[in-house]
Amino acid sequence: FGGAPERAAWADLAGLGLFGLGLAEDQGGVGYGAAEEVTIARLMGRNLVSPTVLATMAGAHVAAEAGDGDLVTAIAAGERRVAFANLRSPANSGPLDLQLIDADEADLLLLVEATGALLFPASRMRDIAGIEAIDQTVSLKRAAADRGSACAMVSGEAIPHRVSLMISAYLAGASEAARDMAVEYAKAREQFGQPIGAFQAVKHMCAEMALRSEAAHTQASYATLVFSTGAAETGYEVACARTLAGRAAVENGKANVQIHGGMGFTQEANAHHYLKRAFVLSAINSTRRGELHRIMADAQV
C-alpha cells in the first residue's frame, strides 16, 4: 500500500533499466522507444503498480530534454524518485496549487501541462497537507510551489504526449485486469444451480468489458506508432487514446464491482481497487472534457 512494494523493489527496477527504458543510450538510457514504454505501462496497469514508477520513467525524459545529464543519470539509476504533481486548478499567475500523488519518499515532483513539463525538488514544496484519496492504496497530499523553483523545465507537446500514452496504456491494462477478474468470478459464482456467467445480462456486461479493453489497447498502440513517427495528427490520436482508456478503466471497474454483487462493494474484495485507481490515473493532467475538446479541435472535417 502507498507504493511500498515498489519502493522495496526500487533498486531491482533500476537494475533492469526500467527508468531509462525509452532514453537513447547516449543519454544514459537503454535505447528503446515509446512502444516499449507503453508495453510496460500496460502491464503496470494490470498489476496496479504505483504511479511513481510511471512518473520516474517520464521524469528521466524531462531531465534529458532539459539537458541535465547528471539528473538523468540519477533518475535512471534509481537514486532520485519522481512522483506526479497534478494541478488542482488552472494557474495563470501566483503559486501553483498542486496534488502530490503517492509522493512519499519522492525526491522530485513532475508536473505535466498541455505544452510542457516541469520537475520540482520535493524540498521546494510548501504548505504540504495530507488529504484522503479515493484510492487508499496511494497517498495524496496538497502542496504549493512557485513555477520558478523548478529544477528542469521543457516546452512543447512531446513530453505531455508521451506521458499521456503511458497513462493510457496503464488504464488499458487496468481495464483488462478488471475484465479478467469479472469473467473468472462469473465462471465460479453459482446462482440457481448454474454459474452466473450463463445469465444473459452478465454475458453482455463481460462482452462490453472486453470490447472496451480491446478498443483502449488498440488505440493506445496506434497512437504510440503515430507519436513515434512525429506525424501531425499525434495530438488527436493521443487524445483519443486517453479518452477511450479512461472510459474503459472506469466503466470496467464499475462492471467488475457489479458482477461481484454485494461482496463487490465491500472493502475486503479487491474489485474496488481497479475502479479507484482508474479515477486517480484518469485525473493526471487530463479531464474528459479537455480530451474531447482536443479531439474536436484536431479532427479532420
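## A walk through the chain, starting at a glycine

Let's start at a small landmark: helix α5 is followed by G78, and the phi angle of G78 is positive, near 80°. Keep in mind as you look around that this is a predicted model.

Now step back into the helix that comes before G78. Helix α5 covers residues 69-76, and its buried residues are L71, V72, A74, I75 and A76. What do the buried residues of α5 pack against? Quite a list: α2 (10-15), α4, β1 (82-87), β3 (108-113), β4 and β7. So helices and strands both show up among the partners of α5. If you want a rule for reading helices, here is one: an α-helix has 3.6 residues a turn, so residues three or four places apart point the same way.

One of those partners, α4, is worth a visit. Helix α4 spans residues 51-65, and T56 sits in it. Is T56 buried or exposed? Its relative accessible area is 0%, and anything under 20% counts as buried, so T56 is buried. Leaving aside residues up to four places away in sequence, T56 touches W10, F19, I75, R80, R81 and V82. You have met I75 already, as one of the buried residues of α5.

Just before α4 there is a loop, which links it to α3 (34-46), and L48 lies in that loop. L48 has a phi near 50°, which is positive even though L48 is not a glycine. At 17% relative accessibility, L48 still falls under the 20% cut-off, so it counts as buried.

Compare that with E105, in the loop between β2 and β3. E105 has a positive phi too, near 70°, and it is another residue other than glycine. But is E105 buried or exposed? The relative accessible area of E105 is 55%, and the line for exposed is drawn at over 50%, so E105 is exposed.

Time to look at the strands. Strand β2 (residues 96-101) and strand β6 (residues 140-145) run antiparallel, and six bridges join them. To see one of these pairings in detail, find D97: its bridge partner in β6 is A144. Strand β6 also pairs with β5 (residues 126-131), again in the antiparallel sense, this time over four bridges. Here you can look for I131, which stands opposite L140 in β6. So β6 has β2 as a partner and β5 as another.

Another pairing involves strand β4 (residues 116-121) and β7, which are antiparallel and share four bridges. In this pair, G116 has S155 of β7 as its bridge partner. Which way do the side chains of β7 (residues 152-155) point? They alternate: A152 and V154 point to one face and are buried, whereas M153 and S155 point to the other and are not buried. Both β4 and β7 are also on the list of elements that the buried residues of α5 pack against.

Strand β3 is on that list as well, and L109 lies in it. With a relative accessibility of 2%, L109 counts as buried. What does L109 touch, if residues up to four places away in sequence are not counted? Its contacts include V82, A83, F84 and A85, along with L100, L118, L119, F120 and M125. For a sense of distance, take L109 and W10: they are 99 residues apart along the chain, and their C-alpha atoms are separated by 17 Å.

Further along, A278 lies in helix α9 (residues 271-282). A278 is buried too, at 0% relative accessibility. Beyond residues up to four places away in sequence, A278 touches L171, A249 and V250. Measure out from A278 to V53 and you cross 16 Å, C-alpha to C-alpha, although the two are 225 residues apart in sequence.

Finally, zoom out. The chain has ten helices and nine strands, and buried residues make up 52% of its 301 residues. Of the contacts between residues at least 6 apart in sequence, 71% join residues at least 24 apart. Why can you call the chain's radius of gyration consistent with a compact globule? Because a compact globule of 301 residues would have a radius near 19 Å, and the chain has 19 Å, which agrees. The C-alpha atoms fill a box of roughly 65 × 45 × 40 Å along the principal axes. On the outside, the chain exposes about 13,800 Å², with carbon and sulfur atoms supplying 53% of it. As for charge, there are 25 positive and 33 negative charges, and their mean positions are 7 Å apart.

Methods: Residues numbered from 1 in each chain as written. Heavy atoms only, no water. Helix = DSSP H or I, 4+ residues; strand = E, 2+ residues; numbered from the N terminus. Rg over C-alpha atoms; globule rule 2.2 N^0.38 Å. Buried < 20%, exposed > 50% of the residue type's maximum accessible area, 1.4 Å probe, protein only. Contact = heavy atoms within 4.5 Å. Areas by Shrake-Rupley, 256 points an atom, 1.4 Å probe, with all protein chains shown as cover. Lys, Arg positive; Asp, Glu negative; His and termini not counted. Charge placed at Lys NZ, Arg CZ, Asp CG, Glu CD. Pairing = 2+ DSSP bridges.
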